[in-house]
Each structure stands twice: as C-alpha cells, then as structure tokens.
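Welcome! Let's take a friendly walk through the inside of a protein, from its core to a helix and on to its empty spaces.

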Amino acid sequence: MGSFAAISVLVLGLVLNAAVLCNGGKTSSFVRKPEKSVDMPLHSDVFRVPHGYNAPQQVHITQGDHEGKGVIVSWVTPDEPGSNTVVYWKEDTKDKKKAESKVYTYKFYNYASGYIHHCTIRNLEFNTKYYYTVGIGHTLRKFWFVTPPAVGPDVPYTFGLIGDLGQSYDSNRTITHYELNPQKGQTVLYVGDLSYADNYTYHNNVRWDTWGRFIERSAAYQPWIWTAGNHEIDFAPEIGETKPFKPYTHRYHVPYRASNSTAPFWYSIKRASAYIIVLSSYSAYGKYTPQYQWLEQEFPKVNRTETPWLIVLLHSPWYNSYNYHYMEGESMRVMFEKWFVKYKVDVVFAGHVHAYERSERVSNIAYNISNGICVPVKDQSAPIYITIGDGGNLEGLATNMTEPQPAYSAYREASFGHAMFSIKNRTHAYYSWHRNQDGYAVEADSMWFFNRFWHPVEESSE
C-alpha cells in the first residue's frame, strides 16, 4: 500500500510538472466591451467620392521594384479612362516628369468596374520626397510620398502592421490610431483580407470601391505592401465567378516579376535594412509547385550583410492558440518551417485570426513518421510569429482561446489594433502592439527584437 501511495505521488508530481511546462505566457486581462463590429454605411464621409466628373479615386501606392527606387501608383476613374498620366517631381524643384499607366477593367456577376490605372514610376532617388498628380483640369488631385533610404545594414526604418481591416467603425479607429501613432510608420505591411466584399450578397464589388476610398488617406501617401488573404479569393461558382482573386488582382498590383516570381501572390522586396518575403496561404505550396520552387530559390538570395532583417508576411498563422482557424496553417508550416529556421527568419506576421498574439521563438521540425517528436520547442534560430488580424472587420473579434495557453504563446489578447516594427540598426528592432481603446502612444505589448543573424541572443518581453 505504501509503495502504491509513493507511486501515486510520483505520478501526480509528474502530471503537475507537465502542466507547468505546457502552460504558456500571458493572456491579457484587458476585457473589451462585447460590441458587434458594424460596417460603416455607404454614405459615410470616409467613403466620399472626390468632386468632379470622372475624378480619380481610390489612389494608393506600393513598392514598384525590388530595391525601393520604384513606386506603383494606382487609381480608378469611374466614368471613362480619362488621363493615364502621372506627373511627379522632387520637393523643391520644378523639373516635372511624366509616366503613363496601363488601364484595366473587369466584370464580376452584375458589377462592372471603373477604369483601373496602374503606373510604375522607376529610377527614383532614395530618401527623397516626391509630389505626384493624377487627373486633369478641375479634377486634378495631388499627393506625395517619400522613397526609402538606400538599402543598407544599419538603415533605420519603421513599418506599420495591419491586417483583416474591412470597413467597419472599428476599422476606421484602427487606421486613425495608426496615423496618429507617434512612432510614425513609413510603410504598411498588410497581411491580407482587405475589403470583405465577399461577405455581401453576390460579393458586392461596390465594397471594393468604398474600401479603396477608405484607405486612400494613408495608402496614397505611403506604400502598403500587399498580402493576399482568403477574402481576396472571391471564388463564387454559384454566380458564375470561377476565376479566383479576380477583383484583387485587377485592383492591387505588386512587383512580383522583380523577384522572379511567376504570380502576384508570392514575391519579395528590399526596403531599407529589411528583406521582406510575401507568401500565399491560398496558392499551392506543395513540393514541385511554383510557390515552393520560388521560395526554395529565394531564401539563398538573401544577403544578411546587406539586409539583416528577414521578415515574412503570410495570411494564415502557423502558431495560433485561438479556436478560430485553429491549425489551418499547419500544412504550410510543415512544408516551409525548416527553411525559416535554416535561414534564421527574424519575424513572421500573419492575419486571419481576428485577435492579437505573439509567440516565443519556437520550431516544430524534428518530427518524422516514426519518431513521434511533434511538440514545439524553443529555438533561437526560429522566428517569432505574430498574429495581427485585428484590424476591425465586420466579422468581429476571435475571443475563444485554447486553454491552457500553450507554451509557444507568449502574449495574446482579443482586441482590435495595429503594430509597429521599428528597425534601429543591424542588431536591434523595437516592436510594439497598440490596441484601439488606448491612447495613441500606449503600447499594450512590446519587446526588443535581436537580429537572428547579427545578434542571436534570447529576447524577453517588457
């Protein structure tokens, strides 16, 4: 009996110890009011159509080449093609130059698009403010942007992170919060799910137009780097729409050919001291597929003495402790995670789950079909995984979390917000997450990142 009791105590001790080892980091105690997210009505001022017949609208920019000396300027003219010319000039000069756009249209069920212009401006000077105009006569509209510094290992640069934005009242708070953040983001890394037009009857593409006007106040002045999410697929065979990504690919161009990609859903760019790889959760990624072959060839091209910070954007998170979209990214993780560890990716940003989460540096690459080793372990060569799908869309927050919090999860909270990733030099970057309910400078979660190539020591959250 005594022996049995001793064994029972030992087993109980092992179980309790295992529970401690399995428990993760911090689940925020902040409780957001259980309000439903509501889309803003079509007559909202943030969707206002510019004055004048055929005035350019939905103006937005993104990087137009691999190095950062090009910009793609995009806009829509609703009634006729109009002028396809972008006039641009450097600040403090009268030497104006011109570039011409290509014009596209598409139909989706009972919707016909306006005239969608995409104009690539090339050979710009680094770290320079440019003004540009689109339209003619009384509908001429003027904007500006600042090109990034020349690519280099110690170039400071600040990225904003937004995902799953939609066009609700909460979405508007997210953009406002980002615009007024005192860290002053210079480029938005957008992790997918844009307009949520597919949530409306017949995938109402009018909501693509309203979303384009909604984000113009930011996206016309600084690049938004695009990632495709599931709400961009727009596959609707029941209404005869069988070409995936049709609205998205017509409206949002990216410089995918500059990185030898064969499709606009996976590509790479350099910007300041960062090398950014964009992947597609909803394109084939099995062995021998175009995306797999491209990424296999892409990672060896990254020169960490030139661009120390290696950032990956994708939509469906690989490490997610919410019961929403749980393990949807698992098959992609199995295919690619070993490369992320081998090439020491610093951070992976994802969306899809409408909440916030930051992981530890972990990997789960030891498993094979016979060894049974299938638990994430701490790995200082692995990235930190951040879910930032909390932009505010009408589907609302993900609030149901797995319990207990798994060991790979460092911090999680069901709130809307945005994040900032501020590179200081080749060794250090400062990261912060900002919930919409707080003041503009308040950091609900933050940490210093140490570069995996130049300074691969363990970090800790503040």
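In this predicted model, the largest nonpolar core has 91 residues, and the members that touch the most others are Trp224, Trp226, Leu279, Phe340 and Phe421. In soluble globular proteins, nonpolar side chains tend to be buried together.

**The cores**
- Leaving aside residues up to four places away in sequence, Phe340 touches Leu279, Leu295, Phe299, Val312, Trp318, Val345, Val348, Ser381, Pro383 and Tyr385.
- Separate from this core is a second one of 17 residues, with Ile61, Trp75, Val134 and Phe145 among them.

**Helix 6**
- Helix 6 covers residues 330-342, and because each of its 13 residues counts for 1.5 Å, it should span 18 Å; its end C-alpha atoms are indeed 18 Å apart.
- A kink of about 50° is centred on Phe336 in this helix.
- The buried residues of helix 6 are Met332, Arg333, Phe336, Glu337, Trp339, Phe340 and Val341.
- What do these buried residues pack against? Their partners are helix 5 (290-298), strand 17 (309-313), strand 18 (347-350), strand 19 (356-363) and strand 21 (384-388).
- After helix 6 comes Lys344, which has a positive phi, near 55°.

**Empty spaces**
- The model has 2 cavities of 30 Å³ or more, and the largest holds about 40 Å³ of space.
- The largest cavity is lined by Gln58, His60, Ser74, Trp75, Val76, Ile116, His117, His118 and Arg251.
- Strand 2 (57-63), strand 3 (71-77) and strand 9 (115-121) each give at least two residues to that lining.

Note on methods. Residues are numbered from 1 along each chain as its sequence is written. This is a predicted model: local features need pLDDT of at least 70, side-chain atom pairs count only at pLDDT 80 or more; totals for chains, interfaces and linings use all residues. Side-chain values use heavy atoms; hydrogens and water are left out. A nonpolar core is a set of buried Ala, Val, Leu, Ile, Met, Phe, Trp, Tyr and Cys residues joined through side-chain atoms within 4.5 Å. Buried means under 20% relative accessible area, exposed over 50%, partly exposed in between (1.4 Å probe, protein chains only). Contact means heavy atoms within 4.5 Å. Helices (H or I, at least four residues) and strands (E, at least two) are DSSP runs, numbered from the N terminus. The expected span of a helix is 1.5 Å times one less than its number of residues. The bend at a residue is the angle between axes fitted to the seven residues ending there and the seven starting there. On a 1 Å grid over the protein atoms alone, a cavity is a set of points where a 1.4 Å probe fits but cannot get out, and a pocket is an open set with protein on both sides within 12 Å along at least five of seven lines; lining residues have an atom within 4 Å of a point. Grid points are joined across faces, edges and corners, and a volume is the space filled by probe spheres set on the points.
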